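Let's take a walk through this model together. Have the viewer open beside you and rotate things as we go.

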Amino acid sequence: MSPSHVALVPPGAVDLVGDAARRRRALQRATLAVLEAGGFEELIPPTFEYEEIFVRAGGPEVVERLIRFLDLDGRSLALRYDFTASIARVAATAFASRTPPLRLCYSGKVFRQEPDRGARPREILQVGAELMGVTGVASDVELLRLTLRLAEAVGLTDFQVNVGHVGALAPALAEVAEDLRPDVRRWIDRKDRGSLSRALEGANGAVRTLLSLPFVMGRRAALEEACRVAPDGAGGALDHLLALDAALTPAERAHVVYDLGEVRGLEYYTGIQFEVFVAGAGRAVGAGGRYDDLMGRFGRPMPAVGVALDLDAIAERTT
Amino acid sequence: MSTLRIALAKGRMFDLALERFMKAGITLAGDAGRKLLIPSSDPTIEFLAVKPGDVPIYVESGAADLGVTGTDVLREGNPDVLEPLELGFGHCRLSVASPADAAWPQLPGGITPKIATKYPRLTREHFAAQGRAVDVIRINGSVEVAPLLGLSHWIVDLVDTGHTLEANGLVERDVILRSSAVLVANRASQKLKLDAHLRLLGLLEP
């Protein structure tokens, strides 16, 4: 057998050696130390689970992104798509008698099919945390603050956390005609203001705010501006973000940008949602938010908010 | 002000895109000949010339902040990029065409039509939506001669004036998609360099 025969690895699989390996272990150590100091207990869930667990947590759209295989008894297994599903399962079963709040964290690989995606890996080294059983601004602030500490712990200095709230656009979207709604969401997602304007030209009331609200991005002043243009139903979400902003220190605020244009998590998130961006990485290096419906799907309804950072993207960023 | 790198498709769209940027006051400040990175008259903007089909991956990955590509390329590849502005040039349509003397919309004898195209995904989706079975053959060029050479029964290809179809004895049967040039942007770049993106949009907007 020639060496070239054993050199072949599946697309999206990579060996990490030397500094690439050392850097990742250093990032894991630094972040787990921050998490432990914050009172978060580490869990090491299995690398594979019944497929159903990931779909239960993430919704039907994760199915095509699972790396699946069959167990001996014919049941469908999947490699760990995310840690949140396994942690929700543990919180609802093994930890059922624990009194909330639960502070749980993890670090390890997740595995994802990336159909048609040339430049995307199929396994990602993550670190993350889940705060379960508490709701309100204080718990969102705790999680956001933890995210900022994690970002600093991995050596990011010039980073930006874009924070939104699913309640900002939901009331206006609900009033868009049902057959037009998928298109409107797509245009908002793509920041395609031209198509939005044409489709909503004659619209008034709440729907009209979709021409401006999704494009709001900035510091506190942008939020205040959003409050002036937003429909009544969005007031709660914007007040929540204003309260969150007020609770941050000036140093923390320097990293936070409010961004009301994110519609991708509308089915999953129930409150704040955020992404972490840093120069030299072409996509978000971290993401999180509140998903108060998640634990109910595992039979133990309680609020939850969480974050996950992509340590590979952080280790490989170009600047 | 942050620097923006804009990926442009070499070929037909390149000059049209430059013309559009020229109207916005941004011109090339170097020879486009062999260089990959071309500075512009605006110190915060540089251009990158790549193969037309590669614009989306450069932008999605963040290697370029923005790019100019066609709706056809975007819908075929479905890259995860922002599409903040239609640029109003490069209008054409993605159409199904078949030989003028061939039966349409069915082939005789229950034969499953073979379709040659550079757009396998859009072609499959189009016929699946109509509940029609087709056999899609992906090729990389000279699509319009595929029926003449016996490679396929029909083709799916971009049509501008229709002259190329006519010259090859083909008739446009059905339009799948109307396409034009679109400015696309990397998601992370748009968030990190918002002011620069907004400034460029302001310059380009009609």
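The paragraphs below go from the overall build of one chain to its domains, its partner and a single helix.

A few ground rules help with reading. This is a predicted model, in which local features need pLDDT of at least 70 and side-chain atom pairs count only at pLDDT 80 or more, while totals for chains, interfaces and linings use all residues. Residues are numbered from 1 along each chain as its sequence is written, with chains lettered from A and ligands numbered from 1 in the order in which they are written.

Start with chain B, which holds 7 helices and 11 strands. Helices (H or I, at least four residues) and strands (E, at least two) are DSSP runs, numbered from the N terminus. Along the principal axes, the C-alpha atoms of chain B fill a box of roughly 65 × 30 × 30 Å. Of the 206 residues in chain B, 41% are buried; buried means that 20 or more other C-beta atoms, placed from the backbone, lie within 10 Å of the residue's own.

Now look for the domains, whose bounds come from an automatic or database domain assignment. In chain B, domain 1 covers 4-90 + 180-204 and domain 2 covers 92-178. Their centres, taken over C-alpha atoms, are 30 Å apart. Domain 1 of chain B gives 5 residues to the contact and domain 2 of chain B gives 7, where contact means that the C-beta atoms of two residues, placed from the backbone, lie within 7 Å.

Next, bring chain A into view. Where the two chains touch, 16 residues come from chain B and 18 residues from chain A. On the chain B side, helix H2 (55-61), strand S5 (82-86) and helix H6 (187-192) each supply at least two residues. The largest share, 5 residues, belongs to S5(B).

Finally, zoom in on helix H7 of chain A, residues 181-189. Which of its residues are buried? They are A:Val184, A:Trp187 and A:Ile188. These buried residues lie on the same side of H7(A), because they cover an arc of only 100° around the axis, the arc being that of the directions from the helix axis to the C-beta atoms. The general rule is that an α-helix has 3.6 residues a turn, so residues three or four places apart point the same way. The packing partners of the buried residues of H7(A) are helix H6 (170-174) and helix H8 (193-199) of chain A. After H7(A) comes A:Lys191, with a positive phi near 55°.

Conventions:
Buried ≥ 20, exposed ≤ 12 C-beta atoms within 10 Å, placed from the backbone.
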